[in-house]
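User: I would like to go through this structure step by step, with the reasoning behind each answer laid out.

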Amino acid sequence: MNRRNVHLLAVLAFAGSLIHAQGRVLPDQVRTTADRITADQLKRDLDFLASDELLGRNTPSPGFDKAAEYIVARLTKAGLKPLGDEGTFYQRYEMHNTQIETAAAGLEIDGKRFALGSDFVVRSLAASLSGTFPVVYVGHGWTIPAKNIDPFAGVDLKGKLVLAHGPRALPKGIEIQQIGRITVGATNVVAEAARRGAAGVIFIPHGVSDEAWSEMRTQTVGRRELVPPVPSVYAAAPSTALLLSRATAEALLAGERISGAEMMGLGTTADYPPSFELSKRVSVSLPVRTTVHRPYNVVALIEGSDPVLKNEYITIESHLDGAVSTPAVKGDGIYNSADDNASGSAANLSIAELMTTAPRAKRSMIFIWDSGEEQGLWGTRHFVGNPPVPLERIVAHINIDMIGATRAPGSPDAAESRVTAANDVLLIGPGVLSRSVDALLERVNSEYLKIGFDRSWDKPESEFFYPRTDAGPFLERGILTVGFTTGIHDRYHLPSDEAAALDPKKMERIARTIFASAWVLADAAERPRIDQPIPSTVLRFK
Ligand SMILES: [Zn+2]
């Protein structure tokens with residue numbers, strides 16, 4: 001090859017690289033940094049976080065503390081800035097664990113005593129409940145403004161007990177749309193009773209099988225909730241609700257306008273009688289004892305490079321806690337919570353560490369390992385209620401929850417249709433919320449690993465779109481959410497959710513894709529934003 005040709009080739013190569021550079025959103029240096037996320041490192045972190053030693057990382061627990069120490073040590077070494085309380089990585093909140101003093105609990109009707117567990121059970125506990133109360137019957141107890149259904153109209157409930165059929169009675173001929181914990185266009189009796197200042201709710205049993213009843217009798221219902229509570233669909237029940245046995249319901253309604261037998265004969269969908277106040281009062285004794293806990297999130301910051309845009313933020317979050325429960329299954333009593341969510345937590349750790357070595361994006365990034373997700377999104381609710389930066393400056397929230405499962409042949413989930421295929425990940429959020437961000441993420445992906453984005457959970461009416469994850473509290477406050485997951489399998493929330501069932505190679509591809517996506521969102525010239533209507537199924541809180 002002669003010199004002139006070499007020169008010509010160099011010119012062509014230069015021109016080619018310019019065209020290339022202009023057409024791409026993912027810089028080579030960012031891609032090569034993302035390439036340093038390895039299956040080996042992810043596997044080591046996954047194995048530690050999901051080890052028997054950590055006992056599934058319950059909130060709060062010594063196992064969770066060990067997991068958090070592990071994350072914090074690595075963040076410190078990588079040089080991320082602490083964004084928790086008083087210059088630490090720990091953002092604490094208060095959680096109250098309230099339990100009923102069962103021995104002293106009971107009801108009194110017409111001078112007769114009824115005992116917890118045999119004559120009534122507690123369905124939800126909001127606070128202690130003690131005193132003698134008037135009782136107001138409200139039928140099915142649903143309010144549906146669009147259908148002019150309001151059994152509470154014209155009745156004073158302040159300081160009274162609300163009596164309704166339940167817990168699953170419905171107005172006749174009305175279908176109520178339920179998506180996870182969301183009821184679209186209707187309010188149930190437990191919420192409405194609280195809103196109207198009632199003391200509590202009593203259910204006349206409807207649709208309660210003998211089997212369900214005997215199971216409920218042995219359960220002790222307590223309340224574990226962050227204090228002060230941050231509003232969310234995942235907040236604990238706002239009213240204390242008791243479910244009566246059939247015999248207790250008969251005793252309560254004896255001598256009233258309508259007998260217990262007649263009431264219980266109405267079924268779960270009926271034209272229930274109009275509301276009325278009972279002639280008798282009911283005495284309730286439901287004393288509680290409360291212990292106060294201080295769980296925490298781990299929160300870290302990488303500052304952006306742009307003097308103005310660094311005041312905007314991308315949050316990248318994974319819940320570090322697991323769903324720890326009882327009993328032992330097949331002799332295994334440790335709920336390792338490997339896929340849910342040691343997998344996401346390990347990915348988030350590699351992403352955060354390596355992000356410090358990448359070229360700085362214009363916007364800042366906040367990395368969160370939260371707690372209490374499995375209990376009621378405590379950590380993320382506390383975060384949005386007490387944000388370390390103004391919420392309106394968080395431009396997008398990335399949620400990583402369960403990313404280790406695969407339907408690849410030979411894997412434990414090969415026949416599991418709810419798990420994504422070998423090269424696929426469920427992408428939740430941008431397809432509904434933002435055409436511009438969706439297009440940007442597709443572009444990043446097409447320039448990099450070309451993972452298949454599975455959109456099957458991306459339907460506004462899907463319970464998985466909202467509110468099943470930590471993305472919920474962010475979306476409830478109008479923040480764009482982007483969720484990554486490989487789906488649900490039959491190890492979900494069981495002791496068998498162990499690291500050995502997961503695919504670190506797939507985790508690597510997903511973590512690299514999230515790394516590249518987060519960087520491009522943080523560096524985009526235009527602020528990433530919601531440009532589609534937020535579905536009406538999403539409740540909104542300030
Ligand atoms: Zn999870």
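User: Which donor atoms coordinate the zinc ion, and what class does the geometry of the site fall into?
Analyst: In this predicted model, the zinc ion is bound by His319 (NE2), Asp340 (OD), Asp401 (OD) and Asp401 (OD), at 2.0 to 2.6 Å. A tetrahedral label would require all angles to lie between 85 and 135 degrees, whereas the angles among the four donor atoms run from 53 to 151°. The site of the zinc ion is therefore classed as irregular.

User: How are the donor residues of the zinc ion spaced in sequence, and which parts do Asp340 and Asp401 tie together?
Analyst: Along the chain, the donor residues of the zinc ion follow the pattern H-x20-D-x60-D. Both Asp340 and Asp401 are buried. Asp340 sits in helix H9 (residues 338–355), and Asp401 in the loop between strand E21 (394–400) and strand E22 (424–428), so the pair ties together parts that are 61 residues apart in sequence.

User: Where does Asp340 take part in a cis peptide bond, and what is the omega value?
Analyst: The partner in this bond is Asn341, a residue placed in helix H9. Most peptide bonds are trans. A second cis bond runs from Thr326 to Pro327, with omega near 0°, and Pro327 belongs to the loop between strand E19 (313–319) and H9. For the bond joining Asp340 and Asn341, omega is about 5°.

User: Is His489 buried or exposed, and which residues does it contact?
Analyst: His489 is placed in the loop between strand E24 (481–485) and H15. The relative accessible area of His489 is 2%, which is under the 20% limit, so the residue counts as buried. Leaving aside neighbours within four places in sequence, the contacts of His489 are Asp339, Met402, Ala405, Asp413, Glu416, Arg418, Val419 and Asp497.

User: What are the phi values of Leu377 and His493?
Analyst: Most residues other than glycine have a negative phi. Leu377, in the loop between helix H10 (373–376) and H11, is buried at 1% relative accessibility, while His493, in the loop between E24 and H15, is partly exposed with a relative accessible area of 28%. Phi is positive in both cases, near 55° for Leu377 and near 60° for His493.

User: How many residues of helix H11 are buried, and which are they?
Analyst: Helix H11 covers residues 378–385, and seven of its eight residues are buried, so the helix is largely enclosed by the rest of the structure. The buried residues are Trp378, Gly379, Thr380, Arg381, His382, Phe383 and Val384.

User: Which residues touch the most other members of the largest nonpolar core, and why does this core lie between the two domains?
Analyst: The largest nonpolar core has 86 residues, of which Leu75, Phe367 and Ile398 touch the most other members. Helix H15 (residues 504–523) is the element that gives the most to this core, with eleven residues. Because domain 1 (24–93 + 303–523) and domain 2 (97–290) both give residues to it, the core lies between them. Apart from this core lies another, of 32 residues, including Phe120, Leu242, Leu253 and Val282.

User: How many residues does each domain give to the contact, and what distance separates the domain centres?
Analyst: The contact between domain 1 and domain 2 takes 20 residues from domain 1 and 15 residues from domain 2. Taken over C-alpha atoms, the centres of domain 1 and domain 2 are separated by 38 Å.

User: What distance separates the C-alpha atoms of Asn399 and Ile316?
Analyst: Asn399 is part of strand E21 and is buried, with a relative accessible area of 3%. Not counting residues up to four places away in sequence, Asn399 touches Glu317, Thr469, Asp470, Ala471, Val482, Gly483 and Phe484. Asn399 and Ile316 are 83 residues apart along the chain, and their C-alpha atoms are separated by 6.2 Å.

User: How many aromatic pairs are found, and what kind of pair do Trp457 and Phe464 form?
Analyst: A search of the whole structure gives seven aromatic pairs, and ring pairs link Phe64, Tyr90 and Tyr296 into a cluster. For Trp457 and Phe464, the ring centres are 3.9 Å apart and the planes are at 15°, so the pair is stacked.

Definitions and conventions. Residues numbered from 1 in each chain as written. Predicted model: local features only at pLDDT ≥ 70, side-chain atom pairs only at ≥ 80, totals over all residues. Heavy atoms only, no water. Phe/Tyr/Trp six-rings, centres within 6.5 Å; stacked < 30°, edge-to-face > 60°. Donors = N, O, S within 2.8 Å, 3.2 Å for Na, K, Ca; no water. Tetrahedral: all angles 85-135°; square planar, octahedral: opposite > 155°, others 65-115°. Helix = DSSP H or I, 4+ residues; strand = E, 2+ residues; numbered from the N terminus. Buried < 20%, exposed > 50% of the residue type's maximum accessible area, 1.4 Å probe, protein only. Core = buried A, V, L, I, M, F, W, Y, C linked by side-chain atoms within 4.5 Å. Domains from an automatic or database assignment. Contact = heavy atoms within 4.5 Å.
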